[in-house]
Amino acid sequence: MKLKVEFLGLARELAGDAEAVVTVDDRATWHDLISALADAYPSFVGPIVLPDRSNLTAAYMLNVGGRAIVRDLDVPVQPGQRLLLMFAEAGG
Amino acid sequence: MYAYTGKILHVDLTNQTTRVQELEPEFLKRYLGGVGLATRLLYDNTPAGCDPLGPDNALCFACSSFAGTTIPVGTKHGVASKSPLTGFVGDSLSGSHFSEMLRRAGWDGMVLKGQAPRWLYLVIDDDLVRFVDAQPYMGKGAVEVQSILREELGDDNYRVSAIGPAGEHLVRFASIDNDGRQVGRTGNGAVMGSKRLKAIAIRGSRPVTVADPKGLMAASLKLIKTSQGPGTVKYRTLGTPSNVLNMNAIGVLPTRNFSETTFEHAETISGEYLRDHYRVKSVSCSSCSIACEQWGVVRDGKYKGAKIGLDYEPLFALGSNCGIGTLPPIIKLVEMSDELGMDAMSAGVVISWAMECYERGLLTQEDCDGLELAFGNEDAAIEVLRKIAYREGIGDLLAEGTMRASERLAKGSEHFAMHVKGLEMPGYDVRSLKTFAAGLAVGTRGACHNRSLAYELDIKGVFDRFTADDGRGKAMVDNENFACILDCLVLCKFLRNCFDDFGPDVAAIYTMTTGIFLTADELMAVGERVCNLKKAFNIREGWTRADDTLPPRVLEDPIPTGPSKGSYVTREELDLLIANYYQARGWTADGLIPREKLVELGLEDIADEVGVDTVPAGQAI
Amino acid sequence: MTQPAYQHVICDPDLCTGCRLCEYVCSANKHGVFDPNLARIRVVRIEPVTMTAISCRMCADAPCVIACPRDALSRAPETGVILVDDTKCDGCGWCVEACDFGAIVLNPASKTAEICDLCADQEDGPQCVIYCPKEALSLSTPEVLRQKARRDVVKRLFEELLTP
Ligand code: SF4
């Protein structure tokens, strides 16, 4: 399936784009999505994705629909949702 | 004792005299510095019920324990007075180089009382204090006067804290500026203005000596390096303006006076847009390894030449919240706020309140001195901001702050007067951040994100932000205590993710700096102690349970659109969360502090004054 | 004779954020206390965004050495740093005045001049370079700087040519 991911903050700068469409397996989990993003954007590895690609760094989070934060990475991704890769830090 | 000087400078502006108070290491260890020490000085030097803008209010400054060392972002200072906005504790923090100079001049803090017969500024050269006529500098901007005074005094080494026209005219949310950073919130600039004190110029000649220089240098280097890592990446790359798109995406970006939570022009006022189109440089406070301040310059057009270090809070307040959707007028407005010397957050929120009044016909064009004060009208916003500073026309009403202005206008405008206890709300629409909503309601200085920190619990998903339950009190208290420890030390909150094990690491750094042995437990206890001390100050000023509440809009109007659509905080939810918080604090159901609690916290000396006698739960009276 | 390629600490003003950690580090390293007045590197900040750090530039024809009336200053032949002979220096400050960069400190306690010696006492070289959080400081020679400037300008030129 194809998933659209919106990039905010550093992700946008590193990707050079405000969003991207990544193709993943139909049974893909969040974990697979993170790996796919790291493949598409190697510069994410380090600041956004952990070097072993097991998870995002503490600085970043994946938000679904503006309402929920992805916590369990082994859950399959549901298509048709708004996905946001954004800073976890909310300090102003 | 190292680093600390053990001395507080007391200045009586009425008689233009000074005296020195000596502090014991045991005392310093209980309050550390910054907000803790400043609040304790305030408590001890301000009589209950005093007029915040009268001579009895004590304006208290306190250095960071790490001021003038290599500990990154450890050179801030705290200021406290009774707030002219809230009538409660008005504690505020600022970064940059002032704290270093105060320390190097030989002081851990200052207490300013009285009222000068004519406008003065203070020149402090180590222990020599001069009172100098400030008449030639009246009306000068809060930032520009600092360079003028340095020039006049003939030495770049002077660091200056100053007020602008807003402070001179007792605008209730006036700020104190130092090196372009502000003691921003709660109106300490108005208190300084009420004392007829335009500025304080300090030059210190003493070195800062620490107990273990080698150890401290090694610890500093480690922190400097970790603070270039993921823990601070947000602050180093885009700074706090990156919040605009984040908050917009999750539907909490205050828009048009907190009526909506997504803004159609969020992209063009975002941190990303700022970086691509206006950013010139990141700038840091003294000894800061992060450098969060993103300076933006407008290079052409109507606002050509406007420049400012832009942070999220002013940006939301004068941007989306006023319906202004491009950066140049916002940069201009924030620059003006700094130079006029007022809190851009409160200014933005009071202006957005007036805009909503205008759109609803509660304020007419005539009331607004002919201005079309509609949302998005940047020219009107600029003019009204100026008027506030000088208390001209409509500005005189708005200079009173949102709470007083709405009480005076009435006509239902209180419904959307966005403040808690008189302090204007920060840049998070709390209708869908329910833990944080309660955190703001119980805040001792009113609606403040920095004191509560509970937004993290909601935004990072520790709790479901759309619901409430009785399992959140402890986390709210822990976050508040933690924020308080940072404010007392002082360490910048942006460094908070850079420690392996916060308690032991920071206690060790404190001991290396001051030579005063501090355990992790003792360090953590400071947060609870000072939070209770602030509450005690408020209780002495007549606080009641009814003061811990939220604006009616938060409690009644569901969010109309966007990802958080439909959410608001019911009174039952708020009561539940607050009760849970009081309980976690060990307070009574009415939110008062039991005597024993104060004694347990080492505040026995104020226990009789503010503590209540309680009967342990389950025991009959 | 070719110009001696002495290295000195340079600061990239685009990277410097004005934190002044370099000042604190310098004084702590040399004197065990934190005191910018004793720092041999100083940060100049012209509000609000213009800032850079300045220390001894190891001038080829060092005016401080010439100015000193007591011959207290000399150059270390290998490193180029200006050596201060404490027994000769009496703190008159001629060198301070002669220095175009304000890079010489007059220590009020010892009453002698103090100049950046590239942390001759430290194995890992100048400590300010190590502590600078933004990597704004580095060691360089005039020749390296010239090369870098030339490279940068050519890059810029080509960027403009390549972008339509
Ligand atoms: S340490 Fe680096 S960034 Fe900080 S003032 Fe010195 S040169 Fe500038």
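**Exercise 1.** In this predicted model, find which residue forms a salt bridge with B:Glu392, and decide whether the two partners are buried, partly exposed or exposed.

*Solution.* Begin with the pair itself: B:Glu392 forms a salt bridge with B:Arg386, and the closest N and O atoms are 3.0 Å apart. Next, consider the accessibility of each partner, remembering that buried means under 20% relative accessible area and exposed means over 50%. B:Glu392 has a relative accessibility of 30% and therefore counts as partly exposed, and B:Arg386, at 27%, counts as partly exposed too. Finally, turn to a network elsewhere in the structure, in which salt bridges that share partners join B:Glu100, B:Arg104, C:Arg20, C:Glu23, C:Asp35 and C:Arg42.

**Exercise 2.** Locate the two residues of the salt bridge between B:Asp155 and B:Arg203, and work out how each is classed by accessibility.

*Solution.* The side chains of B:Asp155 and B:Arg203 meet with an N to O distance of 2.7 Å. This pair links distant parts of the chain, since B:Asp155 lies in the loop between α4 (144-153) and β9 (159-162) of chain B, while B:Arg203 belongs to strand β12 (residues 197-203) of chain B, 48 residues apart. B:Asp155 has a relative accessibility of 17%, so this residue counts as buried, whereas B:Arg203, with a relative accessible area of 27%, is partly exposed.

**Exercise 3.** Describe the salt bridge that B:Arg496 forms with A:Glu89, and say where its two ends lie.

*Solution.* The closest N and O atoms of B:Arg496 and A:Glu89 are 2.5 Å apart. The pair crosses between chains, running from the loop between α20 (473-489) and α21 (502-514) of chain B, where B:Arg496 lies, to the segment after β5 of chain A, which holds A:Glu89. B:Arg496 counts as buried because its relative accessibility is 8%, and A:Glu89, at 6%, counts as buried as well.

**Exercise 4.** Build up a picture of the interface of chain A and chain B, starting from its contacts and its buried area.

*Solution.* First, take the contacts: 23 residues of chain A are in contact with 34 residues of chain B. Second, take the area, for the two chains bury about 2,300 Å² between them, 55% of it on carbon and sulfur atoms. Within chain A, the residues that lose the most area to chain B are A:Arg67, A:Glu89 and A:Gly92, which together make up 28% of what that side buries. Third, look at the pairings across the interface, where there are four salt bridges and twelve residue pairs in polar contact. Last, the elements that give two or more residues to the side of chain A that touches chain B are α1 (10-15), β3 (60-64) and β5 (83-87) of chain A, and the residues of that side divide into ten nonpolar, seven polar and six charged.

Methods: Residues numbered from 1 in each chain as written. Chains lettered and ligands numbered in written order. Predicted model: local features only at pLDDT ≥ 70, side-chain atom pairs only at ≥ 80, totals over all residues. Heavy atoms only, no water. Contact = heavy atoms within 4.5 Å. Buried area = accessible area lost by both parts, 1.4 Å probe. Polar contact = N/O pair within 3.5 Å; in protein donor to acceptor, adjacent residues only side chain to side chain. Helix = DSSP H or I, 4+ residues; strand = E, 2+ residues; numbered from the N terminus. Nonpolar A, V, L, I, M, F, W, Y, C, P; charged D, E, K, R; others polar. Buried < 20%, exposed > 50% of the residue type's maximum accessible area, 1.4 Å probe, protein only.
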